Amino acid sequence: MPLEVKDVESGYGKVTVLHGVNLKVASGEIVVVLGPNGAGKSTLMKTIAGHLQPTAGSVEFDGADVAGMSAQDVSRRGIGYVPQENNVFRELTVRDNLRVVSLAFPNAQDRVANVFDRFPILAERATQRAATLSGGERQTLAMSSALIADPTVLLLDEPTAGLAPMFVAQMVEWVSELATEGMAVVWVVEQNPEKILAASTRTCLVEGGRSTAEFESAELLEPGRLQELLLEEREEEPGESPAT
Ligand SMILES: Nc1ncnc2c1ncn2[C@@H]1O[C@H](COP(=O)(O)OP(=O)(O)OP(=O)(O)O)[C@@H](O)[C@H]1O
Ligand SMILES: [Mg+2]
C-alpha cells in the first residue's frame, strides 16, 4: 500500500478540523474522497502533502511515516499534490510554470517535454500566461506541474469543480491512464461525482472532519444510492446546504 492515512487529526492553529480520518490507496488505484463543503477534504489533502502538520495519527508512505515532514520533503519522496486553489503561477507562461517546478527536482527538465507530449492542449499554449488559460486548461497545467516531480501518489483536490462535462470526461481519461501506469490517485470530489466514481475503485466519505463510511464505488452508482447518501448528509447538517 503506497499510502495509508491512519486516525489523522489536524487543523489550523488551535482549531482542530480533522478528528480522525483514515484513507488508503494502492498503486494503480483511484480512490474518491467525497463529502460536503467544509467537511475537511482539503484540510486532509494539505495534511498528507505536508502543508499542515497533523497533531495525531500517521501518514504512511513507502514504508515511512511522512506525517510532520515538510511539504518539500513529502513531494521529493513522491507524493504529488494539486491544490484546490492557487495551483499555478498566474503571471508565468505555461512553459515557465513547468520549468520553475522542474528546477526543484533532479532530472526533471526532460519531463517538461513529456508533459507537452501527454497534454497537447498545453503544448499549444506554451507561451501563454497561466492567468489567461480557461478553467480546464489551468487545471491541466496544475496537474502537469505535479507530474513534473514524477510522483507515485497523486492528490487531486476537486480539479473538475465548475467545469464542463466534456472536461470532466477528459480528466477522467487522463487520470485513468496514469492509474493504469501504476499511479495511486486520491481524487476529492464534491459535485456530480458519477463519472469519477465510475473510474474509481473505492469511495471514502468524510463528514465533519471524520471518516464516516467507505464504499465500493460501484455500489454508489446503483440507481438512487448516491442521492440517498447525499440526502443523508444534508439531514445531518440542517441549514448548511448551500442555497443553489
Ligand atoms: N486556513 C484556514 N484557517 C482556519 N480554518 C480553516 C482554514 N481553511 C479551512 N478552514 C476550516 O476548516 C474546515 C474544513 O475546510 P476544508 O477546506 O478542508 O473543507 P472542504 O471539505 O475541502 O470543503 P469544500 O468542499 O468547500 O472545498 C472549514 O470549517 C473551514 O472553515
Ligand atoms: Mg476543499
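Here is a short tour of a predicted model, with a ligand site to visit and then two loop residues.

**Stop one: the ligand.** Select ligand 1 and bring up its shell of 13 residues. Which of them come nearest? Pick out Tyr 12, Asn 37, Lys 41, Ser 42 and Thr 43. Now colour the shell by class: you should get seven polar residues, four nonpolar and two charged.

Next, switch on the secondary structure. Strand S2 (15–25) and helix H1 (41–48) each put at least two residues into the shell around ligand 1. Which element gives the most? That's H1, with three residues.

**Stop two: Asn 86.** Leave the ligand and go to the loop between strand S6 (79–82) and helix H3 (94–103), where you'll find Asn 86. Check its backbone: phi is near 45°, a positive value in a residue other than glycine. Is Asn 86 buried or exposed? It has 8 other C-beta atoms within 10 Å, and the cut-off for exposed is 12 or fewer, so Asn 86 is exposed.

**Stop three: Asn 107.** Carry on to the loop between H3 and helix H4 (109–118) and select Asn 107. Here's another asparagine to check on a phi plot: Asn 107 has a positive phi of about 60°, although it is not a glycine. Count around Asn 107 and you get 8 C-beta neighbours inside 10 Å, so this residue counts as exposed.

To finish, keep both loop residues on screen: Asn 86 has its positive phi near 45°, and Asn 107 has one of about 60°.

Technical notes:
Residues numbered from 1 in each chain as written. Chains lettered and ligands numbered in written order. Predicted model: local features only at pLDDT ≥ 70, side-chain atom pairs only at ≥ 80, totals over all residues. Near = placed C-beta within 6 Å. Helix = DSSP H or I, 4+ residues; strand = E, 2+ residues; numbered from the N terminus. Nonpolar A, V, L, I, M, F, W, Y, C, P; charged D, E, K, R; others polar. Buried ≥ 20, exposed ≤ 12 C-beta atoms within 10 Å, placed from the backbone.
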